[in-house]
Amino acid sequence: MAPLFEGKKCSIFTNLFFLLFSISMLVVAYGNNNNNVKKPTLFIFGDSTFDVGTNNFLKSIAKANILYNGIDFLHSIPTGRFSNGYNTADQIARQFGYMESPPPFLVLAKHPYSFKRNILGGANFASAGSGILRETGKKQWFLEEQVQQFKFVREKINEKLGEEKACRFVSNALFLISIGSNDLFDFARNETSIRNPQQYLASLQATYFIHIKNIYLLGARKFGILSIPPIGCCPAVTSQNKGNCLKPLNDLATAFYSATNTLLQQLSSELLGFKYSLGNTFLMTKTLLDTPSTFGLKETKSACCGIGYLNGQGPCNKTAGANLCFDRKDHLFWDWFHPSERASQLAAQTLVHGKSKDFVTPINLSQLARA
């Protein structure tokens with residue numbers, strides 16, 4: 001079987017979908033006040049969409065602590081975020097009234113004397129390149145390892161607060177997970193042992209079920225899950241496909257969303273107190289691709305920063321000669337795989353405050369925080 005996509009790691013919607021997303025974004029822009037949103041403690045898991053510096057400490061090729069990453073961040077410092085500024089984890093946190101995502105677990109762990117106190121402010125375990133499966137992202141903290149890190153955190157919270165208060169604290173926290181894209185990229189490159197797409201998705205979901213349940217058994221009750229965006233439309237893929245999206249990759253992403261929706265419904269029915277919000281980032285991103293001007297975007301094919309055709313043939317690395325666009329706010333894609341700060345902001349606003357169940361179901365993240 002030929003690979004769907006041979007690159008390195010790293011469809012038109014109805015008017016109804018467009019209208020619902022537009023209304024949702026208008027409500028967000030003019031009808032919300034972050035001061036009225038409950039400010040939950042955040043524990044964040046996942047891949048490069050959420051990584052805020054974990055991989056700076058790992059022996060990994062998936063690093064973003066190099067320019068031009070972070071060019072719009074404070075003092076233009078590359079922090080390890082795959083973005084020109086804030087990434088999606090930051091943008092969600094900002095919707096809840098925080099300045100940015102909680103720090104990486106590995107940063108907190110470097111200060112053992114203040115660890116128990118600081119961990120009460122939340123932590124980010126996400127690692128770029130990681131996946132649901134153990135074999136995905138071998139030099140990153142794959143999801144199972146991230147859950148083990150939270151288990152250590154949970155023990156320290158117990159020591160700090162006592163068992164009863166710790167249980168209440170963790171049950172009120174929000175657990176955000178964004179992962180799965182790297183697993184699908186591995187499959188598309190023929191780098192997985194299972195070659196049947198249905199069997200591979202079933203394996204992914206069975207493993208995902210175990211990890212989410214293990215977090216639940218550690219006391220979590222509120223889960224905010226992000227699905228996989230249309231990865232077949234990122235510049236790393238389209239630059240190898242004459243500028244066009246790769247349908248088989250997008251089909252895998254939509255199948256992953258449907259399977260995850262079913263998985264979460266099952267967990268909700270089986271586990272007492274389990275609550276969730278599922279964000280359809282595939283549909284959100286496709287809406288931005290199809291009607292960019294409505295949301296202030298002008299460029300949806302080429303990455304702002306990168307190398308070669310569509311800036312999709314190499315990473316955003318100033319030293320390696322990467323190109324850099326002038327107005328980052330115009331672009332949907334920051335680099336060959338990741339959204340721009342502006343696109344992440346639009347997604348976060350919908351995830352936290354969105355009204356349409358086509359984009360976030362059964363409730364949005366702000367409703368989940370109050371539940």
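**Arg221**

I began with the contacts of arginine 221 in this predicted model. Leaving aside neighbours within four places in sequence, I found arginine 221 touching Ser171, Tyr216, Leu272, Gly273, Phe274 and Lys275. I placed arginine 221 in the loop that runs between helix 8 and strand 4 (222-226). Buried or partly exposed, I wondered about arginine 221? Its relative accessible area comes out at 23%, so I logged arginine 221 as partly exposed, given that buried means under 20%. I also checked a distance: from arginine 221 to lysine 156 I get 19 Å, C-alpha to C-alpha, for a pair 65 residues apart in sequence.

**Helix 8 against helix 10**

Next I looked at how helix 8 packs on helix 10. I have an angle of about 40 degrees for this pair, and their axes are 10 Å apart. I noted the crossing of helix 8 and helix 10 as right-handed. Which residues of helix 8 meet helix 10? From helix 8 I wrote down Pro197, Leu201, Leu204, Gln205, Tyr208, Phe209, Ile212 and Lys213. Facing them from helix 10 I have Leu252, Ala255, Phe256, Ala259, Thr260, Leu263, Leu264, Gln266, Leu267 and Glu270. Sorted by class, this contact of helix 8 with helix 10 holds 13 nonpolar, three polar and two charged residues.

**Asn241**

I went to the loop between helix 9 and helix 10 for asparagine 241. Asparagine 241 has a relative accessible area of 25%, which I entered as partly exposed. Phenylalanine 295 is 54 residues from asparagine 241 along the chain, and their C-alpha atoms are separated by 26 Å.

**Helix 7 and helix 11**

How many of the eight residues of helix 7 are buried? I counted eight of the eight in helix 7 (residues 181-188), so this helix is largely enclosed by the rest of the structure. The buried set of helix 7 is Ser181, Asn182, Asp183, Leu184, Phe185, Asp186, Phe187 and Ala188. Looking for what covers these buried residues, I found helix 8 (197-217), helix 9 (235-238) and helix 10 (247-270) included. Just past the end of helix 7, I spotted asparagine 190 with a positive phi of about 60 degrees.

I ran the same check on helix 11 (residues 281-290): nine of its ten residues are buried, so helix 11 too is largely enclosed by the rest of the structure. My buried list for helix 11 reads Thr281, Phe282, Leu283, Met284, Thr285, Lys286, Thr287, Leu288 and Leu289.

**Second largest pocket**

I then turned to empty space. The second largest pocket holds about 210 Å³. Around this pocket I listed Asp72, Asn84, Tyr86, Gln91, Arg94, Phe326, Asp327, Arg328, Lys329, Glu341, Arg342 and Gln345. By class, I split the lining of the second largest pocket into two nonpolar, three polar and seven charged residues. Which helices supply at least two residues of this lining? I noted helix 2 (88-95) and helix 12 (341-353). Helix 12 gives the most to the lining of this pocket, with three residues.

**Second largest cavity**

Last, I checked the second largest cavity, with a volume of about 40 Å³. I found it lined by Ser48, Thr49, Phe82, Asn87, Thr88, His338, Pro339 and Ser344. My class count for the lining of the second largest cavity is two nonpolar, six polar and no charged residues.

Methods
Residues are numbered from 1 along each chain as its sequence is written. This is a predicted model: local features need pLDDT of at least 70, side-chain atom pairs count only at pLDDT 80 or more; totals for chains, interfaces and linings use all residues. Side-chain values use heavy atoms; hydrogens and water are left out. On a 1 Å grid over the protein atoms alone, a cavity is a set of points where a 1.4 Å probe fits but cannot get out, and a pocket is an open set with protein on both sides within 12 Å along at least five of seven lines; lining residues have an atom within 4 Å of a point. Grid points are joined across faces, edges and corners, and a volume is the space filled by probe spheres set on the points. Helices (H or I, at least four residues) and strands (E, at least two) are DSSP runs, numbered from the N terminus. Ala, Val, Leu, Ile, Met, Phe, Trp, Tyr, Cys and Pro count as nonpolar, Asp, Glu, Lys and Arg as charged, and the others, Gly among them, as polar. Buried means under 20% relative accessible area, exposed over 50%, partly exposed in between (1.4 Å probe, protein chains only). Contact means heavy atoms within 4.5 Å. Axes are lines fitted to C-alpha atoms, for helices over the stretch in contact, and angles run from 0 to 180 degrees between N-to-C directions. A crossing is left-handed if the near helix is turned anticlockwise from the far one by less than a right angle, and right-handed if clockwise.
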